[in-house]
Amino acid sequence: MNRKTRQTPIVLDNPFVNVVGCLPPDLLGQLTDARGREDGFVHRLLFGFPDPLAMHWSEVAVREATLEGYCRVFEGLWALQGVSAQKPRVVPFTPTGRQTFIAYANALYAELADPDCPDTFRGPLAKLEGYGARLALLVQLCRMVCEEAHGEAVDECSVRAAAALLQYFKSHARRVSRRLQATPTEQRVARALHWLETHPTREWTLRQLLRAKVGGCTTRQEMERLLGHLADRGWGYLRHRRTSNGMTQTIFVCEPSR
């Protein structure tokens with residue numbers, strides 16, 4: 001880092017930034033370049049995008065013994081020493097751990113070489129080799145400080161655990177990838193379809209859908225456009241009927257053609 005006011009530059013020998021946080025799904029599109037250019041930033045993120053769960057009150061609390069055990073893991077990891085503050089320690093694989101990791105990496109390369117692999121998914125997939133090594137090391141050290149593993153060399157058990165974790169992250173990266181490439185209209189249609197699938201009623205009035213804010217619509221005009229898109233895609237059709245007081249009521253009939 002060079003500054004005019006300093007005689008010598010600031011040099012960070014081992015820069016590292018780790019960020020953990022939450023992001024509303026509707027804002028996922030802001031992580032990518034508006035003109036579709038790839039800079040590799042979003043490929044470096046490990047996404048967790050689980051299905052929403054219904055909330056309910058529970059009196060269940062985390063046991064003190066569980067909290068104490070959890071804290072001991074962090075304290076044990078914190079107590080581990082590297083070679084120096086500026087130079088990390090190199091941790092090897094065990095022979096079987098190395099062979100297991102090679103098999104994992106080769107399976108990843110084969111997936112990347114598959115012509116059916118979507119181009120938009122190749123970037124995130126390519127980063128999973130490095131993440132596999134990182135997670136395997138983390139699992140190994142956690143097992144070591146918990147006295148479940150002998151030594152810090154990464155063994156087969158830790159590599160398999162890391163591979164299982166990455167299967168989870170891979171499946172969620174696919175979900176996120178589809179959201180990143182979708183237009184705002186496509187995202188709204190996807191949310192509406194998810195809502196309709198979880199509320200299996202054949203007919204809905206426009207008023208009912210507005211009250212539920214399906215697809216994030218808050219005005220009649222937005223909802224009519226959304227229902228038009230759903231109808232164009234073959235997920236149902238619109239019809240109108242007269243009410244007892246002579247008013248016209250808009251109905252969306254859920255009748256998927258595919």
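Two strands count as paired if DSSP finds at least two bridges between them. Keep that in mind while looking at the end of this predicted model, where strand β2 (residues 236-242) and strand β3 (residues 248-254) run antiparallel and are joined by 7 bridges. With at least two bridges needed for a pair, these two strands therefore qualify. To find one of the bridges on screen, start at L238 and look across to β3, where its partner is F252.

Now follow the chain round the turn of that hairpin. The strands β2 and β3 have 5 residues between them, and in this hairpin G246 has a positive phi, near 85°.

With the hairpin in place, step back to the whole chain. The protein has 8 helices and 3 strands. Reading along the sequence, you pass six helices, then a strand, two more helices and finally two strands, in the pattern α-α-α-α-α-α-β-α-α-β-β.

What about overall shape? A compact globule of 258 residues would have a radius of gyration near 18 Å, whereas this protein comes out at 26 Å. Along the principal axes, the C-alpha trace spans about 80 × 55 × 45 Å. As for burial, 27% of the 258 residues count as buried. Contacts tell you about the fold too: among those with a separation of 6 or more, 55% are between residues 24 or more positions apart.

Turn to the surface next. The protein exposes about 18700 Å², and carbon and sulfur atoms supply 57% of that area. On the charge side, there are 34 positive and 27 negative side chains, and the centres of the two sets lie 7 Å apart.

Finally, two loop residues are worth a look for their backbone angles. Most residues other than glycine have a negative phi. E147, though, has a positive one, near 60°. You'll find E147 in the loop between α4 (128-145) and α5 (156-181). Is the residue buried or exposed there? E147 counts as exposed because its relative accessibility is 73%, and the cut-off for exposed is over 50%.

K213 is the other one: its phi is near 55°, again a positive value in a residue other than glycine. K213 sits in the loop between α7 (206-211) and α8 (220-232). Its relative accessibility is 54%, so K213 counts as exposed.

Definitions and conventions. Residues numbered from 1 in each chain as written. Predicted model: local features only at pLDDT ≥ 70, side-chain atom pairs only at ≥ 80, totals over all residues. Heavy atoms only, no water. Helix = DSSP H or I, 4+ residues; strand = E, 2+ residues; numbered from the N terminus. Rg over C-alpha atoms; globule rule 2.2 N^0.38 Å. Buried < 20%, exposed > 50% of the residue type's maximum accessible area, 1.4 Å probe, protein only. Contact = heavy atoms within 4.5 Å. Areas by Shrake-Rupley, 256 points an atom, 1.4 Å probe, with all protein chains shown as cover. Lys, Arg positive; Asp, Glu negative; His and termini not counted. Charge placed at Lys NZ, Arg CZ, Asp CG, Glu CD.
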